[in-house]
Amino acid sequence: MPRSTLVAIGNFDGVHVGHQAVIRAAASEARERGLLPFVLTFHPHPAQVLGRGGLPILTTIARKTELICRIDPDLRVVVEPFTHELAAMSPEEFVRELLIEALGARVVIIGQNFRFGHNRAGSIETLQALGAELGFDARAEQLAGDDKGTYSSTRARELLEAGDLAVLERVLGRPHALGGTVVEGQKRGRTLGFPTANLSGIAEALPPHGVYAVLVDLLDESTGRAQVLGRGVANLGVRPTLGAGASFEVHVFDIDQDLYGRTLRVHLVERLREERRFSDVTALAAQIARDGERAREVIAGRSPAPGAEGAWY
């Protein structure tokens, strides 16, 4: 059994500002009480495993872990595989085997809506009753919010779906990002004077089709670390003027670099316009140039976030 711990439990998708406040306070409390601060999360999402429909994720498990660890250097993230066997545990088995025997919990913190155990039978009252029996403290934390409501992953997804990136950034504490691998495309952007990197394998929830001002990080596959690549403009959609099909393509300003096979993280700062069909490629090229100028204006004042270790966010 590890040294006594404080365990904050949740899915923490998006690691939004409400999550951040809870996790930061948990780490601070753990230090005050001489406990190791653990964050327990699950992968894949329980809804996906239990057939309740997979939610579009805001953060991959690797990105989620990265963002949590940035909150406090003492934090340790435990990613528990969510399986049918885990779902079948009774609340008492979940607590005894996972929280006590595996993690050595002396304090357990959950969100007010967190349920655990078979058929989601376990609640905060269950947890507190087991804590009184087994020797740990348990409480549910209320997430922070603003005058529009609580900060939540559900709210973040709704804002993303609506294309409201400004409010979404306030909820997440950073722009929403999409990650993917650069693959070879049809190279039509190059013929228009705007070479693009076409991203494949994007796992995160997508915004509405349109043109976006973006900030782009380049991921080092050997270390998993990200570094600033540049500013740019991106198009998500079906490219109706060219009849080129669905894609997410990014033009990074002022670089000439072979990115094929590399992994990019693209932070969506502002939706500039919806995607639309133009009369011909000349009209399209002229609009792309205007989009680029507007994107430069939108993101001119952006600097890499403190604590992002050389990445934008």
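# Notebook: helices, strands and cores

**Entry 1. Helix 3**

I began with helix 3 (residues 61-71), whose buried residues are Arg63, Lys64, Leu67, Ile68 and Ile71. I then looked down the axis of helix 3: the buried residues fall within an arc of 130 degrees, so they line one face of the helix. I should record at once that the model I am reading is a predicted one. Next I asked which elements the buried residues of helix 3 pack against. They pack against helix 1, strand 2, strand 3 and strand 13.

**Entry 2. Strands 1, 2 and 3**

I turned to strand 2, one of the elements that helix 3 packs against. Strand 2 covers residues 36-43, and 7 of its 8 residues are buried. I followed the chain into strand 2: from strand 1 the path passes through helix 1 (residues 17-33), and this β-α-β crossover is right-handed. Strand 1 (residues 5-9) pairs with strand 2 over 5 bridges, in the parallel sense. As one example of this pairing, I noted that Ile9 stands opposite Leu40 in strand 2.

I also looked up the pairing of strand 2 with strand 3 (residues 76-81). These two strands run parallel and are joined by 6 bridges. Here I found Phe38 opposite Arg76 of strand 3.

I then chose Val78, which has its place in strand 3. Leaving aside neighbours within four places in sequence, I listed its contacts as Phe38, Val39, Leu40, Thr41 and Leu103. I also looked up how Val78 and Thr154 are placed: they are 76 residues apart in sequence, and their C-alpha atoms are 23 Å apart in space.

**Entry 3. Two backbone features in loops, and a third**

I recorded a general point before looking at the backbone: most residues other than glycine have a negative phi, and most peptide bonds are trans. I then looked for exceptions.

The peptide bond from His43 to Pro44 is cis, with omega near -5 degrees. I located Pro44 in the loop between strand 2 and helix 2 (46-49).

Val15 has a positive phi, near 40 degrees. This residue lies in the loop between strand 1 and helix 1. Is Val15 buried or exposed? Its relative accessibility is 1%, so Val15 counts as buried.

Arg120 also has a positive phi, near 55 degrees. I found Arg120 in the loop between strand 4 (105-111) and helix 6 (124-134). Arg120 is partly exposed, with a relative accessible area of 41%.

**Entry 4. The barrel**

I next traced a closed barrel of 6 strands, which runs 8-9-12-11-10-13 with antiparallel pairing. From one strand to the next, the twist averages 45 degrees. Within the barrel I examined strand 9 and strand 12 (residues 247-252), which pair in the antiparallel sense over 2 bridges. Ala197 has Val250 in strand 12 as its bridge partner.

I then looked up Asn198, which has its place in strand 9 (residues 197-200). I wished to know whether Asn198 is buried or exposed. Its relative accessibility is 11%, and the limit for buried is under 20%, so Asn198 counts as buried. Apart from neighbours within four places in sequence, Asn198 is in contact with Thr181, Val182, Val183, Gly185, Arg239, Ser247, Phe248 and Glu249.

**Entry 5. The nonpolar cores**

I noted a general tendency first: in soluble globular proteins, nonpolar side chains tend to be buried together. Which residues have the most contacts inside the largest nonpolar core? They are Phe248, Val250, Leu264 and Val266, in a core of 29 residues. The elements that give two or more residues to this core include strand 8 (177-183), strand 9, strand 10 (210-219), strand 11 (226-237), strand 12 and strand 13 (263-273). Helix 7 (153-162) and helix 8 (165-172) are also among them. Helix 8 gives the most to this core, with 5 residues.

Apart from this core I found another, of 27 residues, which includes Leu86, Leu98, Ala105 and Ala138.

I closed with Phe248. Not counting residues up to four places away in sequence, Phe248 touches Leu178, Ala197, Asn198, Leu199, Ile202, Ala234, Asn235, Leu236, Val266 and Leu268. Asn198, from the previous entry, is therefore listed here again as a contact of Phe248, where contact means heavy atoms within 4.5 Å.

Key:
Residues are numbered from 1 along each chain as its sequence is written. This is a predicted model: local features need pLDDT of at least 70, side-chain atom pairs count only at pLDDT 80 or more; totals for chains, interfaces and linings use all residues. Side-chain values use heavy atoms; hydrogens and water are left out. Helices (H or I, at least four residues) and strands (E, at least two) are DSSP runs, numbered from the N terminus. Buried means under 20% relative accessible area, exposed over 50%, partly exposed in between (1.4 Å probe, protein chains only). Two strands pair if DSSP finds at least two bridges between them. A crossover is right-handed if, with the strands pointing away from the viewer, the path from the first strand over the helix to the second runs clockwise. Axes are lines fitted to C-alpha atoms, for helices over the stretch in contact, and angles run from 0 to 180 degrees between N-to-C directions. A nonpolar core is a set of buried Ala, Val, Leu, Ile, Met, Phe, Trp, Tyr and Cys residues joined through side-chain atoms within 4.5 Å. The arc is that of the directions from the helix axis to the C-beta atoms.
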